[in-house]
Amino acid sequence: MAKECTVSRYILQRLKQAGVDHLFGVPGDYVLDFLDEVLASPVRWVGTCNELNAGYAADGYARLKGLGGAVVTFGVGGLSILNAVAGAFAEQVPLIVVSGAPPARRREAGARVHHLVDTYQLQLDVFRKITAAAVQLTDPETAPAEIDRVLAACLARKLPGYVELPADMAGKPCRPPSPDWRPVAPVSDSAQLAAAVAETAARFDRAEHPLALVGMELARQRLGPDALRLVETVEIPFAAMLSSKSLLPEFHPQFVGIYQGGWSRETVRRQVEEADCLLALGTWMTDLDTGLFSAHFDEPRTIFADSGRVRIGEKTFANVQLGDFVRALVSALRPRSYLESHPAQPRQPRTPFVAKPACGLAAPRLYECLDGFLDDQMVLLAEPGDAFCAAPDFLIEEAENFIVQTYYASIGYCTPAALGVALARPDKRPVVLTGDGALQMTAQEISTLIRRRCPAIVVVVNNDGYLVERELHADGAYNDLQMWHYARLPGVFDPAGDFAVGARATTEEELVAALDRARREKDKFHLIEAWLPNRDCSAGLRQLGEAFRRQQK
């Protein structure tokens, strides 16, 4: 006999229908009844060490699965996860937060219950600012429609959603969810779409050196396959930005490189900025994607398609969805050979890294070695800081094998995000490139990676403090950290020593040996502490520091 549907079961069935197989979070008394239902459902519960990390894990999960989910309790839990949800909102990552809340009778009486900050509405009001939709469930009759509304807005707008579940609502009976539910996708205005495509085709046909610049919105809307079909069918070269790195495979013969304004390789910069028809698809002109606003586009020759509109010169075509526009261009644009207008040098095969005997580790060699270590069965997560400054030079062969938070840039994101990646793509191995400062923010989630038997690889660049801040500004004691012996952390979190391995690399030979062991032992967690005692950094971080200091002056 089928179980009676309740509000909790309705939420879980809808999340499962939307592709959520795991929920991350921390228990609390206001959400325990809901968690009992989670344990009885097909959705797997993944307890994390704190709510912030749960949000980061749900974010990493959503980037590869299309939707993530986190569960917290009221007040202390809801406000703890807030930073992660803000990052997902800034970077257009769809995830659902389910927060327990005090029962209605307490709310109606105005009782001063634990975890309350001010009013019972405060948490809901805060989340309304950083979600596509938010709701406090107060009536089992209307709860299904409200849950559907929040989930549909989250998926359609690629933004977080928030569902507040009072403790006495969790077990209330409600109507069951329809088995064939699908969120309604935004629809383009057909006349505006046709006009935008016609104008683009006319400009493209007159061009001699066209190029496509693929951006972050393509990744968030999961339009990588459509974008690949476009560039291959029309046969035009394409470049990516740091935030959209690995949206399309980087071994592709039409790939020009990563564009970051004046920070780009000269061949990449010239081809993007001198294109006589630049298709800028889903690009965001953020500071780090444009080399601190050093990008120079000839706007009359640039077609911008993003955020539900297409802008061509002085013309704006409203209500044109990015996916519809990309798909329509496939048949509308005249194919041509990209070989005639492809000045960039083709990617050369990687030269095997050979360690120099008894040579101390330096940042450029560390990143060169790691680049050669990566393969198409790994997903690289590059932490804000030196890691994501070095990342443009890494060759990520396959699509969707790179994750970075370039816009919100919250340090500490990558280690818990790797937990989400590992569970979203169990066939892939997360490789986290993080700094010592970032790891100290969220190191607890190494414990969960080990508990869930996720064979991640975490490379900790130990350069003695907040090196990115030292490069951006004159150094001060505020950039100092307590020195940890990072290589011993696996032993702390895995006292049995049967799954987690730690190693410290102070020389090139030790680094190669540690990575070789990690490659051989595919079923274990590895943490490699890359020791840089001279506070060495990548050329990218030095470039960022110099540009930042010039702007400040």
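Here is a short conversation about the pockets of this predicted model.

Trainee: How do you know which residues and values may be used here?

Mentor: Residues are numbered from 1 along each chain as its sequence is written, and side-chain values use heavy atoms, with hydrogens and water left out. In this predicted model, local features need pLDDT of at least 70 and side-chain atom pairs pLDDT 80 or more, while totals for chains, interfaces and linings use all residues.

Trainee: What makes a space a pocket and not a cavity?

Mentor: On a 1 Å grid over the protein atoms alone, a 1.4 Å probe fits in a cavity but cannot get out, whereas a pocket is an open set with protein on both sides within 12 Å along at least five of seven lines. The largest pocket has a volume (the space filled by probe spheres set on the points, joined across faces, edges and corners) of about 980 Å³.

Trainee: Which residues count as its lining, and why?

Mentor: Lining residues have an atom within 4 Å of a point, and 46 residues line the largest pocket, with Lys158, Ala219, Arg220, Gln221 and Arg222 the closest to its centre.

Trainee: What makes H8 stand out in that lining?

Mentor: Helices are DSSP runs of H or I with at least four residues, numbered from the N terminus. H8 gives the most to the lining of the largest pocket, with four residues.

Trainee: Which residues of the second largest pocket are the closest to its centre?

Mentor: The second largest pocket, of about 680 Å³, is lined by 28 residues, and Cys389, Ala390, Pro392, Asp393 and Phe394 are the closest to its centre. H14 supplies the largest share of that lining, five residues.

Methods. Helices (H or I, at least four residues) and strands (E, at least two) are DSSP runs, numbered from the N terminus.
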